[in-house]
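Here are a few exercises to work through with the structure open beside you. Try each task before you read its solution.

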Amino acid sequence: MIEFSLNGKAQKVEAESDMPLLWVLRDVLGMTGTKYGCGMAMCGACTVHLDGEAIRSCTTPVSAAAGKSVSTIEGLSEDSSHPVQQAWREHNVPQCGYCQSGQIMSAVALLNSNPQPDDAAIDEFMQGNLCRCGTYPRIKAAIKTAAGKMGGKA
(Lines give C-alpha, C1' and ligand atoms only; values in the text may rest on other atoms or scores of the structure.)
Protein backbone atom coordinates (compact mmCIF):
# COMPACT_ATOMS: atom_id res chain seq x y z
CA MET A 1 0.00 0.00 0.00
CA ILE A 2 1.40 3.35 -1.04
CA GLU A 3 -0.10 6.50 0.43
CA PHE A 4 0.24 10.02 -0.93
CA SER A 5 -1.81 13.15 -1.44
CA LEU A 6 -3.32 13.62 -4.91
CA ASN A 7 -4.63 17.07 -5.69
CA GLY A 8 -5.08 17.69 -1.99
CA LYS A 9 -6.86 14.42 -1.18
CA ALA A 10 -5.36 11.42 0.59
CA GLN A 11 -4.86 8.37 -1.64
CA LYS A 12 -3.97 4.77 -0.90
CA VAL A 13 -3.06 2.58 -3.84
CA GLU A 14 -2.17 -1.07 -4.23
CA ALA A 15 0.58 -1.12 -6.82
CA GLU A 16 4.07 -2.46 -7.32
CA SER A 17 6.50 0.10 -5.92
CA ASP A 18 8.30 0.36 -9.28
CA MET A 19 5.13 0.99 -11.29
CA PRO A 20 5.46 4.39 -13.01
CA LEU A 21 3.46 7.08 -11.27
CA LEU A 22 1.84 7.84 -14.64
CA TRP A 23 0.19 4.41 -14.78
CA VAL A 24 -1.03 4.73 -11.20
CA LEU A 25 -2.54 8.13 -11.99
CA ARG A 26 -4.16 7.05 -15.25
CA ASP A 27 -4.98 3.36 -14.80
CA VAL A 28 -5.46 2.97 -11.07
CA LEU A 29 -6.89 6.37 -10.12
CA GLY A 30 -8.54 7.35 -13.43
CA MET A 31 -6.79 10.72 -13.71
CA THR A 32 -6.41 10.76 -17.50
CA GLY A 33 -5.43 14.42 -17.90
CA THR A 34 -1.78 13.44 -17.64
CA LYS A 35 -0.64 11.97 -20.95
CA TYR A 36 1.79 9.28 -22.01
CA GLY A 37 4.22 10.60 -24.58
CA CYS A 38 7.63 9.03 -25.02
CA GLY A 39 7.93 6.94 -21.84
CA MET A 40 11.53 8.15 -21.43
CA ALA A 41 11.06 11.54 -19.71
CA MET A 42 12.06 13.33 -22.88
CA CYS A 43 8.83 14.94 -24.12
CA GLY A 44 7.16 16.26 -20.96
CA ALA A 45 3.62 15.13 -21.81
CA CYS A 46 3.45 13.31 -18.46
CA THR A 47 4.55 16.25 -16.31
CA VAL A 48 2.99 16.47 -12.85
CA HIS A 49 4.12 18.13 -9.63
CA LEU A 50 5.66 16.15 -6.78
CA ASP A 51 5.82 18.36 -3.69
CA GLY A 52 5.59 21.34 -6.04
CA GLU A 53 8.39 20.30 -8.39
CA ALA A 54 7.71 19.41 -12.01
CA ILE A 55 8.58 15.76 -12.63
CA ARG A 56 8.08 13.27 -15.44
CA SER A 57 5.59 10.73 -14.14
CA CYS A 58 6.42 8.17 -16.85
CA THR A 59 9.81 7.42 -15.30
CA THR A 60 9.05 8.18 -11.66
CA PRO A 61 8.16 5.09 -9.64
CA VAL A 62 5.04 5.44 -7.53
CA SER A 63 7.18 4.66 -4.48
CA ALA A 64 8.78 8.11 -4.94
CA ALA A 65 5.39 9.66 -4.18
CA ALA A 66 4.95 7.88 -0.84
CA GLY A 67 4.14 10.43 1.82
CA LYS A 68 4.31 13.31 -0.64
CA SER A 69 1.94 15.56 -2.53
CA VAL A 70 1.16 14.92 -6.21
CA SER A 71 -0.65 17.50 -8.32
CA THR A 72 -2.04 16.84 -11.79
CA ILE A 73 -3.73 19.07 -14.35
CA GLU A 74 -7.05 18.10 -12.75
CA GLY A 75 -5.83 19.62 -9.49
CA LEU A 76 -4.98 23.09 -10.78
CA SER A 77 -8.58 24.26 -10.53
CA GLU A 78 -12.04 22.74 -10.58
CA ASP A 79 -13.22 25.03 -13.38
CA SER A 80 -10.06 25.66 -15.43
CA SER A 81 -9.75 29.10 -13.85
CA HIS A 82 -6.07 28.89 -12.93
CA PRO A 83 -4.26 31.92 -14.45
CA VAL A 84 -2.11 29.67 -16.64
CA GLN A 85 -5.19 27.85 -17.97
CA GLN A 86 -6.87 31.22 -18.64
CA ALA A 87 -3.78 32.48 -20.48
CA TRP A 88 -3.66 29.29 -22.54
CA ARG A 89 -7.22 29.98 -23.72
CA GLU A 90 -6.54 33.68 -24.33
CA HIS A 91 -3.61 32.84 -26.59
CA ASN A 92 -5.38 29.89 -28.21
CA VAL A 93 -2.33 27.77 -27.45
CA PRO A 94 -3.49 24.20 -28.09
CA GLN A 95 -3.63 22.72 -31.54
CA CYS A 96 -3.81 18.94 -31.20
CA GLY A 97 -3.67 19.47 -27.43
CA TYR A 98 -1.90 16.24 -26.53
CA CYS A 99 1.09 17.88 -24.82
CA GLN A 100 -0.84 20.70 -23.21
CA SER A 101 -1.42 19.29 -19.73
CA GLY A 102 2.33 18.71 -19.41
CA GLN A 103 3.09 22.14 -20.84
CA ILE A 104 0.70 23.80 -18.39
CA MET A 105 2.07 21.89 -15.40
CA SER A 106 5.62 22.91 -16.35
CA ALA A 107 4.53 26.52 -16.86
CA VAL A 108 2.93 26.57 -13.41
CA ALA A 109 6.11 25.15 -11.86
CA LEU A 110 8.16 27.78 -13.69
CA LEU A 111 5.96 30.64 -12.47
CA ASN A 112 5.96 29.28 -8.93
CA SER A 113 9.76 29.30 -8.88
CA ASN A 114 10.26 32.41 -11.04
CA PRO A 115 7.25 34.76 -11.08
CA GLN A 116 8.87 37.05 -13.65
CA PRO A 117 10.63 34.84 -16.20
CA ASP A 118 12.27 36.47 -19.20
CA ASP A 119 12.41 34.79 -22.61
CA ALA A 120 15.64 32.96 -21.79
CA ALA A 121 14.24 31.61 -18.51
CA ILE A 122 11.08 30.43 -20.26
CA ASP A 123 13.10 28.75 -23.02
CA GLU A 124 15.40 27.09 -20.49
CA PHE A 125 12.64 25.80 -18.20
CA MET A 126 10.25 24.69 -20.93
CA GLN A 127 12.85 23.02 -23.19
CA GLY A 128 11.93 19.56 -21.92
CA ASN A 129 8.31 19.92 -23.01
CA LEU A 130 7.91 19.15 -26.68
CA CYS A 131 5.01 20.25 -28.87
CA ARG A 132 4.83 18.56 -32.24
CA CYS A 133 2.42 21.26 -33.45
CA GLY A 134 5.05 23.94 -32.84
CA THR A 135 2.98 26.25 -30.64
CA TYR A 136 6.06 27.50 -28.80
CA PRO A 137 5.50 31.24 -29.54
CA ARG A 138 1.96 31.02 -28.17
CA ILE A 139 3.15 29.03 -25.14
CA LYS A 140 5.73 31.73 -24.38
CA ALA A 141 3.12 34.50 -24.79
CA ALA A 142 0.69 32.64 -22.53
CA ILE A 143 3.34 32.21 -19.84
CA LYS A 144 4.01 35.96 -19.92
CA THR A 145 0.29 36.72 -19.69
CA ALA A 146 -0.10 34.27 -16.80
CA ALA A 147 2.89 35.86 -15.04
CA GLY A 148 1.08 39.19 -15.24
CA LYS A 149 -2.12 37.66 -13.89
CA MET A 150 -0.18 36.05 -11.05
CA GLY A 151 1.56 39.31 -10.13
CA GLY A 152 4.76 38.87 -12.14
CA LYS A 153 5.84 41.20 -14.90
CA ALA A 154 7.17 38.77 -17.49
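The exercises below concern a predicted model, and each comes with a worked solution.

**Exercise 1. Domains**

Find the domains assigned to the chain and describe how they are placed relative to each other.

*Solution.* Start with the bounds: the domain assignment gives domain 1 as residues 2–74 and domain 2 as residues 83–151. Next, take the C-alpha centres of domain 1 and domain 2, which lie 21 Å apart. Finally, look at the contacts between them: 17 residues of domain 1 are in contact with 12 residues of domain 2.

**Exercise 2. A helix pair**

Work out how helices α3 and α5 pack, and which residues meet there.

*Solution.* Begin by locating the helices: α3 covers residues 100–113 and α5 covers residues 136–149. Their axes are 11 Å apart, and the packing angle is about 45°. That angle makes α3 oblique to α5, because 45° falls outside the ranges for roughly parallel (under 35 degrees) and roughly perpendicular (65 to 115). The crossing of α3 and α5 is right-handed.

Now turn to the side of each helix that takes part. From α3 come Gln 103, Ala 107, Leu 110 and Leu 111, and they meet Ile 139, Ile 143, Ala 146 and Ala 147 of α5. Sorting the residues of this contact gives seven nonpolar, one polar and no charged.

**Exercise 3. A threonine in a loop**

Is Thr 34 buried or exposed, and which residues does Thr 34 touch?

*Solution.* First place the residue: Thr 34 sits in the loop between α1 (21–28) and β3 (47–50). Its relative accessible area is 2%, so Thr 34 is buried; the cut-off for that class is under 20%. Leaving out residues up to four places away in sequence, the partners of Thr 34 include Leu 22, Arg 26, Val 48, Ile 73, Glu 74 and Ser 101. You can also check a distance here: Cys 58 is 24 residues from Thr 34 along the chain, and their C-alpha atoms are separated by 9.8 Å.

**Exercise 4. Positive phi**

Examine the backbone at Ala 41 and at Ser 80, then give the setting of each residue.

*Solution.* Recall the background: most residues other than glycine have a negative phi. Ala 41 has a positive phi of about 60° although it is not a glycine. Ala 41 lies in the loop between α1 and β3, and its relative accessible area of 31% makes it partly exposed.

For Ser 80, phi is positive too, near 60°. Ser 80 belongs to the loop between β5 (69–71) and α2 (83–90). With 33% relative accessibility, Ser 80 counts as partly exposed.

Methods: Residues numbered from 1 in each chain as written. Predicted model: local features only at pLDDT ≥ 70, side-chain atom pairs only at ≥ 80, totals over all residues. Heavy atoms only, no water. Axes fitted to C-alpha atoms, helices over the stretch in contact; angles between N-to-C directions. Helix = DSSP H or I, 4+ residues; strand = E, 2+ residues; numbered from the N terminus. Parallel < 35°, antiparallel > 145°, perpendicular 65-115°, else oblique. Left-handed = near helix turned anticlockwise from the far one by under 90°. Contact = heavy atoms within 4.5 Å. Nonpolar A, V, L, I, M, F, W, Y, C, P; charged D, E, K, R; others polar. Buried < 20%, exposed > 50% of the residue type's maximum accessible area, 1.4 Å probe, protein only. Domains from an automatic or database assignment.
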